[in-house]
Amino acid sequence: GANVADMSRKAAKRARVDSGGDSDDDAVSYTPPSLAFARELADDYGYREVQHNAQSRVVGFLPEDADEPRINYYYTTGTVGTALTHPLRSRRTQLFRRRIDEAGLEAIFKR
């Protein structure tokens, strides 16, 4: 049979699903910033949309006047990947941030 830890994880997952997952006092609930919000930030901070893959649920942005940093936003998980050329290694590197909130996403576009 299933052990107690597995059962409690499943129960917790069911509870999140049942509650809609949007309760502020529930530490495990998380709602990522919307795709519309990300597009609005991009527009506000001078980024253009260069990719949208609905199947992978990712949207990519570049600055209007440059080729980097590229911002890839996975809008169902709240993961953000920023890609730029490493100043010392002259190759592209990518930094991922997970479970970003609206303020965190805005801070990335502000840079």
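Colleague: How many salt bridges does the count come to?

Modeller: This is a predicted model, and the count rests on a side-chain nitrogen of Lys or Arg lying within 4 Å of a carboxyl oxygen of Asp or Glu. One such pair is Glu49 with Arg39, and another is Arg92 with Glu68. The count comes to 2 salt bridges.

Colleague: How far apart are the closest N and O atoms of Glu49 and Arg39?

Modeller: Glu49 sits in strand β1 (residues 47-53) and Arg39 in helix α2, 10 residues apart, and the pair links distant parts of the chain. The closest N and O atoms of this salt bridge are separated by 2.7 Å.

Colleague: Is Glu49 buried, partly exposed or exposed?

Modeller: Buried requires a relative accessible area under 20% and exposed requires one over 50%. The relative accessible area of Glu49 is 37%. Its partner Arg39 has 32% and counts as partly exposed. Because 37% falls between the two cut-offs, Glu49 is also partly exposed.

Colleague: Which parts of the protein do Arg92 and Glu68 lie in, and how many residues apart in sequence are they?

Modeller: The side chains of Arg92 and Glu68 meet in a salt bridge at 3.3 Å, N to O. Arg92 belongs to strand β5 (residues 92-97), while Glu68 is in the loop between β2 and β3, so the bridge ties together parts whose separation in sequence is 24 residues.

Colleague: What relative accessibility does Arg92 have?

Modeller: Glu68, the other half of the pair, is partly exposed at 29%. Arg92 is partly exposed too, and its relative accessibility is 47%.

Colleague: Which helix or strand supplies the largest share of the largest nonpolar core?

Modeller: The core has 16 residues, and Phe61, Tyr73, Val80, Leu105 and Phe109 touch the most other members. At least two residues each come from α2 (35-44), β2 (58-63), β3 (70-74) and α3 (102-110). The largest share is 5 residues, and the supplier is α2.

Colleague: Which residues does Phe109 contact, leaving aside its neighbours within four places in sequence?

Modeller: Phe109 is among the core residues that touch the most other members. With those sequence neighbours set aside, the contacts of Phe109 are Ala38, Leu41, Ala42, Tyr45, Tyr47, Phe61 and Ile71.

Colleague: What pattern do the helices and strands follow along the sequence?

Modeller: The protein contains 3 helices and 5 strands. Read along the sequence, their order is α-α-β-β-β-β-β-α.

Colleague: What percentage of the 111 residues count as buried?

Modeller: The protein exposes about 7,500 Å², with carbon and sulfur atoms supplying 49% of that area. For single residues, the cut-off for buried is under 20% relative accessible area. Of the 111 residues, the buried share is 29%.

Technical notes: Residues numbered from 1 in each chain as written. Predicted model: local features only at pLDDT ≥ 70, side-chain atom pairs only at ≥ 80, totals over all residues. Heavy atoms only, no water. Core = buried A, V, L, I, M, F, W, Y, C linked by side-chain atoms within 4.5 Å. Buried < 20%, exposed > 50% of the residue type's maximum accessible area, 1.4 Å probe, protein only. Helix = DSSP H or I, 4+ residues; strand = E, 2+ residues; numbered from the N terminus. Contact = heavy atoms within 4.5 Å. Areas by Shrake-Rupley, 256 points an atom, 1.4 Å probe, with all protein chains shown as cover.
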